[in-house]
There are 2 protein chains.
Amino acid sequence: MVNTPKYDEAVLQVLDRSSRFRSCREILRDLDRSHSCATGPPSLSTIYRTVHRMSQEGVLDTIQSPEGERLYRRCGTPVRHYHLFCRVCGEVEEIAQVAEIAAVVEKIRCLSDFAQVDHTFELTGVCPRCL
Amino acid sequence: MVNTPKYDEAVLQVLDRSSRFRSCREILRDLDRSHSCATGPPSLSTIYRTVHRMSQEGVLDTIQSPEGERLYRRCGTPVRHYHLFCRVCGEVEEIAQVAEIAAVVEKIRCLSDFAQVDHTFELTGVCPRCL
DNA sequence: CGATTAGATGAAAATGATTATCAGTACCGT
DNA sequence: ACGGTACTGATAATCATTTTCATCTAATCG
């Protein structure tokens, strides 16, 4: 390999500051603010390329937001929690870790021949205000 | 009300033919083929408007495909199954209904004050070929 | 009846996220 | 230095979706 990506480390640092999934725009906004890159923040193109490559390599996990954005998070981020979205107004309620889900994932990991099995679990509903 | 939507019924019929989630383009393709609308198939705009309204009303459920399309299905469609995606090549393995997931969703439905709680559960991993 | 009007529709433009293209540049081994 | 390879940024292209707007349709009122 001739050249190593310049911003991998910075992107991972941003992601490691939070256990939430982040969009490419959020990542850029954070890099802009934190001035953590000597030569200035990367372009949006580079961030897209970086997170895409990293998620192919298994370094990042990705989910789709209800709005259609792709969100990224470092694999193996320990604290896991779920979200209950209101389908009408988009309000979010946090749901704590559920042991049964982890058990199911573990079972599937054993039964299937896939490696590095991870999961997303999303809940939707209609919040009291929108009923 | 002065005028009622002309294509609601046709869209629901298409969705009821399958338990899978369908995209707007798929719905249009099916309507095109089946010639079930007397005055010809609706425009893509109308399908987008129809499924958006119906999902706001709680008639349809929606998920995001890994490719970023929004997919729709009639609420209460009984057979549910999950997918295990390969993060590298995109290959899909079907996972049968898992009772524990339904139980967890039911528990959350009871604990929260949200109505019409639904869920998506997606699994990712790396398939044997890509390892 | 005929006028009015709210809602539905289709075509096309606008939007927004993501990807592809391409020219320029930095780095590595020779 | 040189050639080659991979990274970068700017821009254009793509794709799904939403918005706009002019038109149409059917129910209601005078």
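How many helices and how many strands does chain A have? Select chain A and colour by secondary structure: four helices and five strands appear. Keep in mind throughout that this is a predicted model. Follow the chain from the N terminus, and the order of elements reads α-α-α-β-β-β-β-α-β. Chain A has 131 residues, and 46% of them are buried. Turn on contacts within chain A, keeping those with a separation of 6 or more; 49% of these join residues 24 or more positions apart.

**Stop 1: the two copies**

Now show chain B as well. A turn of 179° with a shift of 0.2 Å along the axis lays chain A on chain B, at an RMSD of 0.5 Å. The two copies are therefore related as by a two-fold rotation axis. To find that axis from chain A, select A:Phe121, whose C-alpha is the nearest one in the chain, at 2.3 Å. Both copies use the same surface, since 95% of the contact residues of chain A recur in chain B.

**Stop 2: around A:Phe121**

Keep A:Phe121 selected and show what it touches, leaving out residues up to four places away in sequence. In chain A, the partners are A:Tyr82 and A:Ile101. Across in chain B, they are B:Ile101, B:Val104, B:Val105, B:Ile108, B:His119, B:Thr120 and B:Phe121.

Next, widen the selection to the largest nonpolar core, which has 28 residues. Which of its members touch the most others? They are A:Ile101, A:Phe121 and A:Leu123, with B:Ile101, B:Phe121 and B:Leu123. In each of chains A and B, strand 3 (82-86), helix 4 (99-111) and strand 5 (115-126) each supply at least two residues of this core.

**Stop 3: DNA strand C**

Select DNA strand C and the residues surrounding it, 20 in number. The closest are A:Tyr48, A:Arg70, B:Lys6, B:Thr46 and B:Arg49. By type, the residues of this surface divide into seven nonpolar, seven polar and six charged. On the DNA side, 66% of the strand C atoms within 4 Å of the protein belong to sugar or phosphate, and the rest to bases.

Three contacts are worth a label. At A:Arg25, a polar side-chain atom lies 3.1 Å from a phosphate oxygen of DNA strand C. B:Lys6 also meets a phosphate oxygen of the strand, but with a backbone N or O atom, at 2.7 Å. A:Arg49 instead has a side-chain N or O atom 3.5 Å from a base oxygen of DNA strand C. Highlight helix 3 (44-56) of chain A and helix 3 (44-56) of chain B: these are the elements that give two or more residues to the surface near the strand.

**Stop 4: helix 2**

Move to helix 2 (residues 24-34) of chain A and select A:Asp30. Is A:Asp30 buried or exposed? Its relative accessibility is 13%, so A:Asp30 counts as buried. Beyond its neighbours within four places in sequence, A:Asp30 is in contact with A:Val14, A:Arg17 and A:Arg22.

Finish on helix 2 of chain B. Its buried residues are B:Cys24, B:Glu26, B:Ile27, B:Leu28, B:Asp30 and B:Leu31. Show helix 1 (8-16), helix 3 and strand 2 (70-74) of chain B to see what these buried residues pack against. Just after helix 2 of chain B comes B:His35, which takes a positive phi of about 50°.

Note on methods
Residues numbered from 1 in each chain as written. Chains lettered and ligands numbered in written order. Predicted model: local features only at pLDDT ≥ 70, side-chain atom pairs only at ≥ 80, totals over all residues. Heavy atoms only, no water. Near = heavy atom within 4 Å. Polar contact = N/O pair within 3.5 Å; in protein donor to acceptor, adjacent residues only side chain to side chain. Nonpolar A, V, L, I, M, F, W, Y, C, P; charged D, E, K, R; others polar. Buried < 20%, exposed > 50% of the residue type's maximum accessible area, 1.4 Å probe, protein only. Contact = heavy atoms within 4.5 Å. Least-squares fit on C-alpha atoms with pLDDT ≥ 70 in both. Core = buried A, V, L, I, M, F, W, Y, C linked by side-chain atoms within 4.5 Å.
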